[in-house]
Amino acid sequence: MEAVKEIRWGFIGCGEATRKKSGPAFPLIPGSSVYAVMSRNADKARSYAEEHGIAHWYTDAQQLVDNPEVNAIYVATPPSSHATYAIMAMRSGKPVYVEKPLASSYADCQRVNRISKQLGVPCFVAYYRRYLPYFQKVKELVLGGAIGKVINVQIRFAVPPRDLDYNSKNLPWRVQRDIAGGGYFYDLAPHQIDLLQEIFGPILKAHGYKTNRCGLYQTEDTVSACFSFPDGLPGSGSWCFVASEHSKIDRIEIMGTEGAIAFSVFTYDPIVLLNGEGRQELVVPNPKHVQLPLIQNIVEHLQQKAVCTCDSVSATSVNWVMDRILGKQ
């Protein structure tokens, strides 16, 4: 694609992810603005546009995409519609930025990649943690040899049920397989898996066990998995979304021949480094709007000032891993 000097974004979806993590970041970047927003709920679209000073709002995604003043699309809907809206945008010649995961299945990710390649229109995915200073510090420590040769990786994640999980008549979309692709595992594990692949390369083998232990909803509430990276590095993970308050944990541990690194993915606890120099706790702050660094890289990519590698191809392997763990393929 040719360089675009001024990026005028159209948002498809204006839910919670857009309010703090992403939405306010777009106009903070030189050459980037939000021109229109869409929601199927007219009141929601109107109020969001008024609250954020956005000139235009729609209830139909195709109308937003067809607006000639909009030249880039941000898809912030549940995963089941990601592929549809991404392809709609690319067929209109407009680059697209999609919330994670890229789609609700590996097969849909492949569809997105085929269209992107055929049309030469880029598709980016919101694995923004790759770009945050906190996780870049972890990568720097690992690749810099702070713990020697890495020999094992472990993910441990456990949280109590959310209040809405007990409402069987109005369950969150994140636990509805036809909308989310799976349960909370499909919503939260992508960030953890993507970060590890960013450091160690693509996971080449993955296997898992899923179960529903508490019956609050039909999708899995507990998952265990094992996987391996290109050089044979083994990893494992356990996820539980019905744990007690006393057993909450958000932790990834990277073990090496000369030490270990432990960090969180969602709570940003201090990074713990253990090696021959003793124990260190590293506090690394992130920007107020956590998607800002990635969105800036995407804007600069479209302006041909930089290259953004957080694209649909790099994101697809996350879906492959999750689908393997859940036995979807």
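Which residue with a positive phi follows α10? The residue is G327, and its phi is near 70 degrees. Keep in mind that this is a predicted model. With that said, step back into the helix itself.

Helix α10 runs over residues 312–325. That makes 14 residues. From its first C-alpha to its last, the helix reaches 20 Å. This is close to the 20 Å expected at 1.5 Å a residue.

Now look at the surroundings of α10. Buried here means under 20% relative accessible area. In α10, 10 of the 14 residues are buried, so the helix is largely enclosed by the rest of the structure. Among the buried residues are S312, A315, T316, V318 and N319. W320, V321, M322, D323 and I325 are buried too. What lies over them? The cover of these buried residues includes the helices α5 (106–119) and α8. It also includes the strands β6 (123–125), β8 (205–211) and β9 (222–228).

Take one residue of α10 and zoom in. N319 lies in this helix. Its relative accessibility is 0%, so N319 counts as buried. The side chain of N319 reaches the backbone oxygen of A103 at 2.8 Å. Leaving out residues up to four places away in sequence, N319 touches P101, L102, A103, S104, S105 and Y106. C109 and Y186 are also touched by N319.

Next, move to helix α8, one of the elements that cover α10. L188 has its place in α8. Is L188 buried or exposed? At 12% relative accessibility, L188 counts as buried. Leaving out residues up to four places away in sequence, L188 touches F157, R162, F241 and F266. F157 and L188 are 31 residues apart along the chain. Their C-alpha atoms are separated by 9.6 Å.

Helix α8 also leads to the largest pocket. About 1100 Å³ of space lies in this pocket. It is lined by 39 residues, and the closest to its centre are E16, A17, W173, R174 and D187. Which element gives the most to the lining? That is α8, with three residues. At least two residues each come from α1 (16–19), β7 (150–158), α8 (184–200) and β11 (249–256). The lining is mixed in character: 17 residues are nonpolar, 10 are polar and 12 are charged.

So α8 appears twice in this tour. Helix α8 is part of the cover of α10, and α8 supplies residues to the lining of the largest pocket.

Methods:
Residues numbered from 1 in each chain as written. Predicted model: local features only at pLDDT ≥ 70, side-chain atom pairs only at ≥ 80, totals over all residues. Heavy atoms only, no water. 1 Å grid on protein atoms, 1.4 Å probe; cavity = no way out; pocket = protein on both sides within 12 Å on 5 of 7 lines; lining within 4 Å. Points joined across faces, edges and corners; volume = space filled by probe spheres on them. Helix = DSSP H or I, 4+ residues; strand = E, 2+ residues; numbered from the N terminus. Nonpolar A, V, L, I, M, F, W, Y, C, P; charged D, E, K, R; others polar. Buried < 20%, exposed > 50% of the residue type's maximum accessible area, 1.4 Å probe, protein only. Contact = heavy atoms within 4.5 Å. Expected span 1.5 Å × (residues − 1). Polar contact = N/O pair within 3.5 Å; in protein donor to acceptor, adjacent residues only side chain to side chain.
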